[in-house]
Protein chains: 2
Amino acid sequence: MAKDVARRRSTLDEVAELAGVSRSVASRALNNAPYVSSAKREAVERAARRLGYVPDTTARALATRRTGVAALVVSGEDPSIFADPFFAQVIVGASGALEEADLHLMLCLAASGRGRRRVGELLGSGGADGVMLMALREDDPLIHMAGETAMPVVFGGRPIGPAPRWYVDADNVGGAREATEYLISRGRRRVATVCGRLDTGVGRARYRGYRDAMLAAGLAPLPPREGDFTESSGTAATAALLTDHPEVDGVFAANDNMGAGALRALRAAGRTVPGDVAVVGFDDLTVARIADPPLTTVQQPIQALGRKMARMLVALVNGQDPTPLILPTRLIVRASA
Amino acid sequence: MAKDVARRRSTLDEVAELAGVSRSVASRALNNAPYVSSAKREAVERAARRLGYVPDTTARALATRRTGVAALVVSGEDPSIFADPFFAQVIVGASGALEEADLHLMLCLAASGRGRRRVGELLGSGGADGVMLMALREDDPLIHMAGETAMPVVFGGRPIGPAPRWYVDADNVGGAREATEYLISRGRRRVATVCGRLDTGVGRARYRGYRDAMLAAGLAPLPPREGDFTESSGTAATAALLTDHPEVDGVFAANDNMGAGALRALRAAGRTVPGDVAVVGFDDLTVARIADPPLTTVQQPIQALGRKMARMLVALVNGQDPTPLILPTRLIVRASA
DNA sequence: GCTTCCAGTGGGAGCGCTCCCAGAATCTTC
DNA sequence: GAAGATTCTGGGAGCGCTCCCACTGGAAGC
């Protein structure tokens with residue numbers, strides 16, 4: 001048998017009976033509500049302790065119409081995008097903020113059609129009090145579903161198209177611009193970008209930042225080389241770049257993984273970094289520090305992103321109307337540029 | 001206001017009324033239960049579709065005493081241990097398996113006292129159908145709490161002390177032994193280990209594997225240098241090791257992060273890898289591939305670990321009594337040894 | 001003394017679902 | 001064609017909690 005002693009959990013009624021009060025009084029006592037004499041309050045607390053009483057989450061949720069759960073949905077074609085350490089940081093931030101509000105975190109990796117259907121059900125079934133949505137692709141069906149639901153939804157990163165009502169995003173355009181400007185300020189003139197998928201909000205924003213900076217400096221942007229934010233795609237894109245544009249002397253990679261990939265491709269092609277080609281990444285994840293040479297990169301406050309999303313969601317759940325947030329980025333100069 | 005149109009969700013009663021049947025029939029129809037005429041079944045389905053009916057998770061949970069939620073608890077002193085990409089892989093695996101069983105994943109990062117208290121409440125409150133627990137430290141209070149609860153608990157990795165009834169673990173002893181044997185087989189004689197914390201099950205198991213292999217080869221194990229599974233701790237431990245035992249010609253690091261740290265320390269000390277010192281890591285995470293030189297390492301099937309844990313928990317929730325599992329590891333030879 | 005007030009109390013009606021069960025309708029089977 | 005088996009049906013009692021509300025009794029105010 002699975003359980004040896006299926007010790008039945010005690011109920012509020014039992015606590016009330018043991019304390020010699022009504023269920024109402026017991027409920028009030030345990031919820032620190034007013035209108036309970038201190039004698040009875042104490043009796044209830046004692047009884048609850050003796051019985052090891054823990055209120056039933058589900059019953060409470062049904063009565064209050066509050067589940068105490070916030071969902072974080074990470075949507076993508078492929079569950080492996082979740083392996084990006086970026087998400088772990090988001091989760092650490094969100095988890096901390098939710099803990100403060102006494103909410104639990106439900107994590108939905110919506111890769112398959114089935115996963116997405118389940119998120120749809122979640123949205124309709126009241127299984128959570130609200131949702132933080134990180135959907136990358138512009139054609140992600142969840143973006144539309146989020147618009148339909150009555151449940152509060154906070155976006156992590158703006159999708160392409162009209163900005164959602166509530167979101168937290170990093171200043172991707174500004175960060176990418178700063179990275180590119182930095183390359184230019186170091187005398188680089190043939191600066192290329194290994195950008196992220198251009199059907200994602202981030203990918204497009206970071207490409208725009210690159211483009212803006214190039215144009216502002218009177219330089220011709222090179223056509224974007226698209227990767228999918230993985231290291232190997234960065235290697236491939238950079239290798240292709242070097243074939244078509246051997247004169248390149250600077251690369252802005254739209255994230256650190258691809259930056260690390262670029263370093264690999266450059267090394268394979270016999271280029272020195274930063275001698276021949278300077279490289280800047282984006283994110284400031286561990287990989288940037290341990291890359292060889294360490295990667296100059298644009299730091300975005302990832303934990304803060306998660307934290308702010310969670311706080312925004314909490315505000316929404318409490319009936320407030322918070323304003324969207326764009327978090328600043330910051331250039332971290334290391335050896336690669 | 002947070003919600004413009006708080007479109008009230010429709011209930012089963014409304015569906016039943018629209019379909020012209022009783023609530024019981026509607027319930028049976030929507031749950032594909034028998035004893036519903038096909039005419040009424042169809043009417044109910046039509047009505048549900050028209051109303052956009054989605055069953056209320058909470059109410060169902062209260063009635064069935066099943067929440068449809070499985071919790072993954074990651075316990076540690078410090079939320080940043082969660083940043084280890086190891087956990088992301090576990091989650092990907094677990095999430096997939098839970099999806100098959102139509103369960104949702106609740107993620108609890110229990111670092112603070114408050115976090116642990118909340119896990120305790122979860123365990124007692126019926127907020128989940130079961131728990132997957134990854135607790136590293138031997139004195140972790142959650143290990144004890146897990147023994148108290150009536151809720152099914154599957155351990156990820158065996159804690160120190162008596163093995164829990166249900167767990168999934170990697171063959172840490174065997175993997176560490178193989179790694180060490182490999183170093184010895186390559187002619188290394190002064191092999192040291194940068195081990196993980198010895199108050200953790202993994203740390204101790206991997207140290208034991210190292211020790212067993214050394215003794216079996218008639219070599220004297222060096223005293224363990226303890227790290228905390230982070231790269232910087234690997235660097236520090238290795239640096240100290242080189243001071244006390246400059247003659248070292250092989251290092252088995254208890255995970256890849258510390259292996260990468262060891263590489264850094266060795267480079268800083270002017271040793272070549274694998275020329276002067278050969279290094280082997282454990283886990284086979286990305287960092288092992290991108291390290292310089294790429295790290296020879298013991299691969300453990302991390303996604304499978306998560307998947308098996310989830311499947312085991314599902315079995316428990318369904319009243320079965322699965323048997324504990326130890327997953328095999330495999331040496332991946334790269335340039336560092 | 002009489003109202004007025006209010007802290008304190010417990011009864012009871014939900015929240016939206018499942019599931020048991022009694023009874024009606026239909027189908028067997030000799 | 002009666003007796004029994006079988007399929008359907010809907011009423012109603014929960015699941016364990018919150019919260020509204022009607023009520024008590026003692027203090028306060030005149």
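A residue is counted as near a DNA strand if one of its heavy atoms lies within 4 Å of that strand. The legends below describe close-up views of a predicted model.

**Figure 1. Residues of both protein chains surround DNA strand C.** Around DNA strand C there are 26 residues, and the closest are A:Ser24, A:Arg28, B:Leu12, B:Ser27 and B:Tyr53. Of the atoms of DNA strand C that come within 4 Å of the protein, 59% belong to sugar and phosphate. Sorted by class, the residues of this surface comprise 11 nonpolar, 8 polar and 7 charged.

**Figure 2. Polar atoms of A:Ser24, A:Ser37 and B:Arg60 lie beside DNA strand C.** A polar side-chain atom of A:Ser24 is placed 2.7 Å from a base oxygen of the strand. For A:Ser37, a backbone N or O atom is found 2.9 Å from a phosphate oxygen of DNA strand C. B:Arg60 has a polar side-chain atom 3.0 Å from a phosphate oxygen of DNA strand C. Two or more residues of the surface near this strand come from each of the helices α2 and α4 of chain A and α2 and α4 of chain B.

**Figure 3. DNA strand D is surrounded by 26 residues.** The closest of these residues are A:Leu12, A:Ser27, A:Tyr53, B:Ser24 and B:Arg28. Sugar and phosphate make up 58% of the atoms of DNA strand D that come within 4 Å of the protein. The surface near DNA strand D contains 11 nonpolar, 8 polar and 7 charged residues. At least two residues of this surface are supplied by each of α2 (23-30) and α4 (57-64) of chain A and α2 (23-30) and α4 (57-64) of chain B.

**Figure 4. Backbone atoms of A:Asp56, B:Ser22 and B:Ser37 approach phosphate oxygens of DNA strand D.** In chain A, a polar backbone atom of A:Asp56 is 3.3 Å from a phosphate oxygen of DNA strand D. In chain B, the distance from a backbone N or O atom to a phosphate oxygen of the strand is 3.1 Å for B:Ser22 and 2.9 Å for B:Ser37.

**Figure 5. A rotation of 180° superposes chain B on chain A.** The rotation is accompanied by a shift of 0.1 Å along its axis, and the RMSD is 0.1 Å. The two copies are therefore related as by a two-fold rotation axis. Within chain B, the residue closest to the rotation axis is B:Met106, whose C-alpha lies at 2.1 Å. The copies meet through the same surface, because 100% of the interface residues of chain B are also interface residues in chain A.

How values were computed. Residues are numbered from 1 along each chain as its sequence is written. Chains are lettered from A and ligands numbered from 1 in the order in which they are written. This is a predicted model: local features need pLDDT of at least 70, side-chain atom pairs count only at pLDDT 80 or more; totals for chains, interfaces and linings use all residues. Side-chain values use heavy atoms; hydrogens and water are left out. A polar contact is a pair of N or O atoms within 3.5 Å; within protein, one must be able to donate a hydrogen and the other to accept it, and residues adjacent in sequence count only if both atoms are side-chain atoms. Helices (H or I, at least four residues) and strands (E, at least two) are DSSP runs, numbered from the N terminus. Ala, Val, Leu, Ile, Met, Phe, Trp, Tyr, Cys and Pro count as nonpolar, Asp, Glu, Lys and Arg as charged, and the others, Gly among them, as polar. Copies are superposed by least squares on the C-alpha atoms of residues with pLDDT of at least 70 in both. Contact means heavy atoms within 4.5 Å.
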